[in-house]
Amino acid sequence: MKHVKKHALLAVSMAALLGVSQSGSAADAVKLRVADSFPAGHYIPKALTKPFMDEVAKRTNNAVKFEYYPAEQLGKAKDMLSLTQSGVTDIAYVAPSFVSDKMPLAAVAELPGNFSESCQGTAAYWELVKKGGILDEKEFKPLGVRVLFTLVLPPYQVFLGKSEFKDLKSLEGLKIRTSGGAKDIAARKLKAVPVQMATPEVREALSRGTIDGMLFPYSSIISYDLQGLVKHSTVGENFGSFVVNYVISDKSWNSLSPEVQNALMEVGHEMTEKGCKVSEEREKEDMKTIEKAGDTLVTLSADDKKEVHDLMSSVGQEWAAALDKRGKAGTEVLDAYKGALK
């Protein structure tokens with residue numbers, strides 16, 4: 001009997017060892033919940049989130065299985081950070097603008113006037129948020145999360161609904177949706193009235209006239225079904241941008257094997273490099289589609305362009321100074337971002 005028990009224990013031990021060594025085994029598989037607020041059909045989940053999950057599963061031989069909850073199924077966009085910290089989800093889309101009270105510094109890439117294309121802004125921002133970067137150390141790590149991949153959207157333009165856009169004075173007094181932070185400052189510089197709201201709420205607000213327009217990239221207009229509602233929009237300006245971060249909680253991260261951690265970071269870096277290219281392509285394609293749907297593309301006059309440049313160039317300084325007064329490293333982070341852009 002002892003001999004039989006000894007063999008049985010040996011068999012169990014061997015099975016356990018195999019379970020560790022064969023990352024694709026059912027015993028090894030870990031489930032990670034992923035949550036975001038993007039609607040069905042949005043290009044970011046198609047081009048980044050889903051390929052990220054598929055590639056991680058592939059590289060780990062299915063040692064990782066993902067449960068994906070899009071379209072605010074687990075909570076509102078503004079709640080994604082707290083949902084990750086509390087363990088409701090393991091990985092989530094966290095936009096600094098939606099949690100500006102907790103992540104004021106992380107919105108540095110949203111400042112207007114600093115770059116002309118998504119990949120330029122994204123590459124610089126990645127240097128700040130990756131492991132050991134200044135934003136990782138000063139903001140993400142203290143909140144108990146780390147960035148897996150990021151995307152800085154193409155520069156935002158002004159989009160108007162029913163109001164006609166003749167020149168900059170056309171914006172005075174209009175209610176313009178922003179995502180908060182630096183874009184609030186930018187809207188005020190244009191003598192418009194900033195109205196802060198989450199992106200999924202924009203369509204209803206624009207259709208009802210609650211807002212007159214918004215700061216938005218062309219690459220997101222169709223994703224939120226806004227084509228046909230926008231009638232005038234600027235071209236070639238930079239009224240700020242928007243940062244898309246997918247983060248994982250430290251608690252979830254620390255529960256993973258080094259092999260899975262490496263796969264998450266490697267694939268995340270690749271998605272960061274790929275996503276901005278998709279975003280730039282989408283920007284050009286969607287601009288044509290939106291124009292066909294009835295949007296008039298407005299190129300500002302030379303005088304207006306100069307005025308916009310002068311107005312927007314001061315936004316970063318005001319943003320940094322306000323954070324410095326609060327004991328935050330506003331100027332340090334802004335200088336780091338500008339340095340990374342170069």
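**Close-up views of two pockets and a buried serine**

**View 1. The largest pocket of the predicted model.** The largest pocket encloses a volume of about 310 Å³, where a pocket is an open set of points on a 1 Å grid over the protein atoms alone, at which a 1.4 Å probe fits, with protein on both sides within 12 Å along at least five of seven lines. Its lining comprises 16 residues, and S116, E117, P154, P155 and E283 are the closest to its centre; a lining residue has an atom within 4 Å of a point. Helix α10 (residues 258–292) supplies the largest share of this lining, four residues.

This is a predicted model, in which local features need pLDDT of at least 70 and side-chain atom pairs pLDDT 80 or more, whereas totals for chains, interfaces and linings use all residues. Residues are numbered from 1 along each chain as its sequence is written, and side-chain values use heavy atoms, without hydrogens and water.

**View 2. The second largest pocket.** About 250 Å³ of space lies here, and among the 18 lining residues P112, G113, N114, M312 and S313 lie nearest the centre. Two or more residues of the lining come from each of α11 (302–313), α12 (315–325) and α13 (330–341), with α11 giving the most, five residues.

**View 3. The surroundings of S252.** S252 belongs to helix α9 (residues 250–254), a helix being a DSSP run of H or I with at least four residues. S252 counts as buried because its relative accessibility is 8%, buried meaning under 20% relative accessible area with a 1.4 Å probe and protein chains only. The side chains of S252 and D90 are joined by a polar contact of 2.7 Å, that is, a pair of N or O atoms within 3.5 Å, one able to donate a hydrogen and the other to accept it.

Notes:
Buried < 20%, exposed > 50% of the residue type's maximum accessible area, 1.4 Å probe, protein only. Points joined across faces, edges and corners; volume = space filled by probe spheres on them.
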